[in-house]
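Here's a quick tour for anyone opening this structure for the first time. Have a look at it below, then read on for the points worth finding on screen.

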Amino acid sequence: MAPPPPPPDPQFVLRGAQSAVHALHFCGGAQGQGQPLLLSGSLHGLVHIWSLQTRRVLATLDGHTGKCVTWLQTLPPGPQLLSQGRDLRVHVWDLAEGRNAIVDSVCLESVGFCRGSILACGPQRWMLAMPGKGGDEVQILEMPSKTSVCSLKLEAEARPGMPMCLQLWQADSSPLPLLLAGYEDGSVALWDVSARKVCSRVACHEEPVMGLDFDSQKARGVSGSAEKALAVWSLDEQRALQVHRTHQLTNPGVADVRIRPDRRLLATAGWDHRIRVFHWRTMKPLAVLAFHSAAVHCLAFATDGLLAAGSGDQRISVWSLYPRM
């Protein structure tokens, strides 16, 4: 039997982030370029806008007073960017025509590790989920008005600890917003945001949930934690979560998990410096990408399937994997 082919090399590598890379996001060309861009957020508080054509920095945004940038997200439909930092701020940036200016900000109540999440609610309206007061709440705001929709907090006896990761989404069958939240105690909960109630909660890990992603078409999600296992879970028609299977890893520590937009691949970011790639439906391991020399903190997929990974080694690797699966 022939040995498996060696894992590929990155398509290219971006250098110049100047510190560890903790956030990544692909977006369309917001600066009149028309070409897709990659946004990165660094440990020292800078956001870099990279051209994927020239593989150089087009602009640097400095709005988080030297504190780590943990989350980046462009707003539909226009050239606006959200950046979350450990300075307790979520900034809204106007990127149109090279302006690169902060036009609004939201103050966070909790410094934690939890990244925000958004959901489009209309042409110029969107919902923002972010860590709330006391470290154990999730705050939901309507934007850009910053109107408070609700705060979501599990019963005290549940003792979930802090929310660690969030994902707002809508079922195809209903416009009502739903929220998946991974907690410090290793559980994942599904919230009905409109009813302000938890629909179900399931223990997925023995350590804090570090990252989750959800495939709404298959009603199936995945989460990673500080331990050496991935949890794959599903959601039934009664909105009950259940762990479908766990997948053991070689080494502990998963910082991020991402399902490719075509729902064919799953990628994980490892504390052991490695990116692991799986077939999403079967969870068959496909590749271990051992390029980085420090922990991989974050991942992002582009709509065309390109994968970017950001690491403590200050480099961003960009990969083209299984384009025709």
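Let's start with a charged pair: glutamate 97 and arginine 99 form a salt bridge, with their closest N and O atoms 3.5 Å apart. Keep in mind that this is a predicted model. From here we'll go through the other salt bridges, the nonpolar cores, the cysteines and an annotated repeat.

**Salt bridges**

- Glutamate 97 counts as exposed because its relative accessibility is 71%, over the 50% cut-off.
- Its partner, arginine 99, comes out at 46% relative accessibility, so arginine 99 counts as partly exposed.
- Another pair is aspartate 185 with arginine 201, whose side chains meet at 2.6 Å, N to O. This one links distant parts of the chain: aspartate 185 sits in the loop between E15 and E16, while arginine 201 belongs to strand E17 (residues 197-203), 16 residues apart.
- Both ends of that pair are partly exposed, with aspartate 185 at 31% relative accessibility and arginine 201 at 34%.
- Aspartate 192 pairs up with arginine 239, the closest N and O atoms being 3.0 Å apart. Here the partners are 47 residues apart, and they link distant parts of the chain: aspartate 192 is in strand E16, and arginine 239 is in the loop between strand E20 (229-235) and strand E21 (241-248).
- Buried or partly exposed: which is aspartate 192? With just 6% relative accessibility, aspartate 192 counts as buried, whereas arginine 239 is partly exposed at 25%.
- Salt bridges that share partners tie Asp94, Glu97 and Arg99 into one network.
- Across the structure, the count comes to 14 salt bridges.
- As a general point, side chains of opposite charge can pair when their charged atoms come close.

**Nonpolar cores**

- The largest nonpolar core has 17 residues, and those with the most contacts inside it include Val138, Ile140, Trp191 and Val193.
- Which strands feed this core? At least two residues each come from strand E11 (125-131), strand E12 (138-143), strand E13 (147-152), strand E14 (163-170), strand E15 (177-183) and strand E16 (187-192).
- E15 gives the largest share of this core, with 3 residues.
- Apart from this core lies another one, of 16 residues, including Leu52, Cys298, Ala302 and Val318.
- Zoom in on leucine 168 to see its surroundings: leaving out residues up to four places away in sequence, leucine 168 touches Ser117, Ile118, Leu119, Met127, Leu128, Ala129, Ile140, Leu178, Leu179 and Val193.
- In soluble globular proteins, nonpolar side chains tend to be buried together.

**Cysteines**

- How many disulfides does the structure hold? The number is 0.
- Why is cysteine 165 not bonded to cysteine 114? Cysteine 114 has the closest cysteine sulfur, but the gap is 6.7 Å, and a disulfide needs the sulfur atoms within 2.5 Å, so this is too far for a bond.
- Cysteine 204 has its closest cysteine sulfur in cysteine 165, and there the distance is 10.0 Å, again too far for a bond.
- Cysteine 165 is buried, at 9% relative accessibility, and cysteine 204 is buried with a relative accessible area of 9%.

**An annotated repeat**

- UniProt, in an unreviewed entry, places the feature "repeat: WD" at residues 202-243 and 289-325.
- Over residues 202-243, the chain is 60% strand and 0% helix, and the C-alpha atoms at the ends are 7 Å apart.

Technical notes
Residues are numbered from 1 along each chain as its sequence is written. This is a predicted model: local features need pLDDT of at least 70, side-chain atom pairs count only at pLDDT 80 or more; totals for chains, interfaces and linings use all residues. Side-chain values use heavy atoms; hydrogens and water are left out. A nonpolar core is a set of buried Ala, Val, Leu, Ile, Met, Phe, Trp, Tyr and Cys residues joined through side-chain atoms within 4.5 Å. Buried means under 20% relative accessible area, exposed over 50%, partly exposed in between (1.4 Å probe, protein chains only). Helices (H or I, at least four residues) and strands (E, at least two) are DSSP runs, numbered from the N terminus. Contact means heavy atoms within 4.5 Å. UniProt positions are given in the numbering used here, feature names are shortened, and annotations may be inferred rather than shown by experiment. A salt bridge is a side-chain nitrogen of Lys or Arg within 4 Å of a carboxyl oxygen of Asp or Glu.
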